[in-house]
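Let's take a walk through this structure together. Have a look at it first, and then we'll go stop by stop.

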Amino acid sequence: MPKIKIRKMKSHEIRPNTRTRGLSTSKSFFRLSRMAYFCTQVLSTSFFTPKPQIPVLLNPGVACIKSFHQYRFLHIKAMQDDKVSTPTPSDECMVRVPHVLTVAGSDSGAGAGIQADLKACAARGVYCSTVITAVTAQNTVGVQGVNIVPEDFVAEQLRSVLSDMHPDVVKTGMLPSIGIVKTLCQSLKEFPVQALVVDPVMVSTSGHTLAGPSILDSFREELLPMADIVTPNLKEASALLGGVPLETIADMRYAAKAIHDIGPRNVLVKGGDLPASVDAVDVFYDGKDFYEFRSSRIMTPNTHGTGCTLASSVAAELAKGSQMLSAVKVAKHYIEAALSYSKNIAIGGGRQGPVDHLLKLKSNVQRRSFDPCDLFLYAVTDSRMNKRWGRSIVDAVKAAIEGGATIIQLREKEVETSDFLEAAKACLKICRVHGVPLLINDRIDVALASDADGVHIGQSDMPAHVARALLGPDKIIGVSCKTPEHALQAWIDGADYIGSGGVYPTNTKENNKTIGLDGLKTVCLSSKLPVVAIGGIGISNVQAVMGLGVPNLKGVAVVSALFDRECVLTETRKLLEVLKESTK
Ligand SMILES: Cc1ncc(COP(=O)(O)OP(=O)(O)O)c(N)n1
Ligand SMILES: Cc1ncsc1CCOP(=O)(O)O
Ligand SMILES: [Mg+2]
């Protein structure tokens, strides 16, 4: 079988129609690049900054790489060689995958513990290695037995993984003895990692003690001060604080702050067991601000493993390079989706079944997650304008990307659904090749059918929380906001960014109230989400907009200044230059 070798290529090295070494036509290039893209979808690899390299196992003879963060293009070299050579660290076909090490107990029922961590990391597209601290015999009825792994053998497992495989993030679960806690802390000092996620497992959901009160002191004195985040449920938070009752959201805030004082950099107190609450509310505290994560309670008996799964997904997002708050947010979306998919599965005869980590959870996790910098030069198409200038949507999108647009939105108000879908699919191919996200305006159905990267919705479109439920945790959702109240709601609803405007009067959108620079500034200052400005923006005023200098304002969204012009490529390039100048 021929071996296909792919190397990272810098954007200046290639244009879409360029012939590539080893391939005779640009058609072959695209065929192979699509194949390579498919391979990269199969592999769970990171879009983030390449780190030290480890081997990736592939179908025989096929090696792929994906790193759209720094290198936007794939360059494929077909090699007429049917021997499969063992990849070495210097081999250019290697790619570093984000890696979580879980230090936890095995759950024979596989809903929680090591097994949950493995599945959650796999579902989130991250490699997971394991250090087993205890072997439990458990099922949906309860815990029938616990066998603690000797401390020195936990130490040996830790050394094996940490000294060789260099995980990005360590996540802890069941730590059943003081000696194991101490061993872990010692190992982390010897082999530091980027982040430590501590799920202070103490009692199983069936009520069995997994780490006794004697462990609490070593948690407080040694482990928590090293943690980047600790994720107790109400019982665990109460135990960490000497048994204080926690019954309200105000109590959870108090607990989050008090646990933060022990030393972890962030605290997520999970309120799933809060007696008085209809919604599931978790409280996050980063030492400065409190955030409440609220979601409607999913009525299912299949909740065994939610704690482990949430902590592992936070770890997975951190390993991919996310900031803490967005890691928690994405992990919450994931666990909600997993719980909702778990609703009706029947496994075991006990009262509590396992969370369904993977089954039916159809999400495109390999794609790079949303980066607010994507909003820098946001090109929004308009079919009337493109028609007027005699070009197709696809040609318009190609030109905008070539000119430097960092994200594309198809805003096609007058196109038939079937034509819209075809255009979306065609644009998506181009966007994927260039690592540029593609969003669909208004039409969640078209976004779903085309597998676009997300949607942009307005105040009179489908509510963002409904869009989030339909699209799942990985798609990008943008919401139009004219006021701080809109912006707050968008954040609560699970949006990723907001579009704010019209900043200046525009002919593109009828009856659209103009908010001016002052209105934009007010929204930006209040928003917890990144903001893109829209409405009447072009070369003449982009400096005034970006000159507001508010940190949340990440870029400008533009329709007519790019598409109501003869040459989209030239206009995009010109606007990009001015935009860059204005943010220097
Ligand atoms: C980036 C961005 N911001 C705002 C809008 C406007 O969306 P909406 O308010 O839904 O109005 P329509 O675009 O649907 O007319 C947008 N499209 N993009
Ligand atoms: C879609 C939209 N939402 C608020 S203003 C606007 C139109 C922006 O178009 P233009 O960039 O041509 O002013
Ligand atoms: Mg709309």
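How far does a polar side-chain atom of Thr506 lie from an oxygen atom of ligand 2? The two are 2.6 Å apart, which fits a polar contact (a pair of N or O atoms within 3.5 Å). Before going on, keep in mind that this is a predicted model, where local features need pLDDT of at least 70, side-chain atom pairs count only at pLDDT 80 or more, and totals for chains, interfaces and linings use all residues. Residues are numbered from 1 along each chain as its sequence is written, chains are lettered from A and ligands numbered from 1 in the order in which they are written, and side-chain values use heavy atoms, with hydrogens and water left out.

Back to ligand 2. A side-chain N or O atom of Ser560 sits 2.5 Å from one of its oxygen atoms, while Gly536 uses a backbone N or O atom, 2.6 Å from an oxygen of ligand 2. On its own, ligand 2 exposes 380 Å², and the protein buries 93% of that (areas by the Shrake-Rupley method with a 1.4 Å probe).

Next stop: the magnesium ion, ligand 3. Asp442 and Asp461 coordinate it through OD atoms at 1.9 to 2.2 Å (donors are N, O and S atoms within 2.8 Å of the metal, or 3.2 Å for Na, K and Ca; water is not among the atoms, so sites may look incomplete). Asp442 lies in the loop between strand S14 and helix H13, and Asp461 in the loop between strand S15 and helix H14, so the pair ties together parts 19 residues apart in sequence (helices are DSSP runs of H or I, at least four residues; strands are runs of E, at least two; both are numbered from the N terminus). Asp442 has 23% relative accessibility and counts as partly exposed (buried is under 20%, exposed over 50%, partly exposed in between, with a 1.4 Å probe and protein chains only).

Conventions. Polar contact = N/O pair within 3.5 Å; in protein donor to acceptor, adjacent residues only side chain to side chain.
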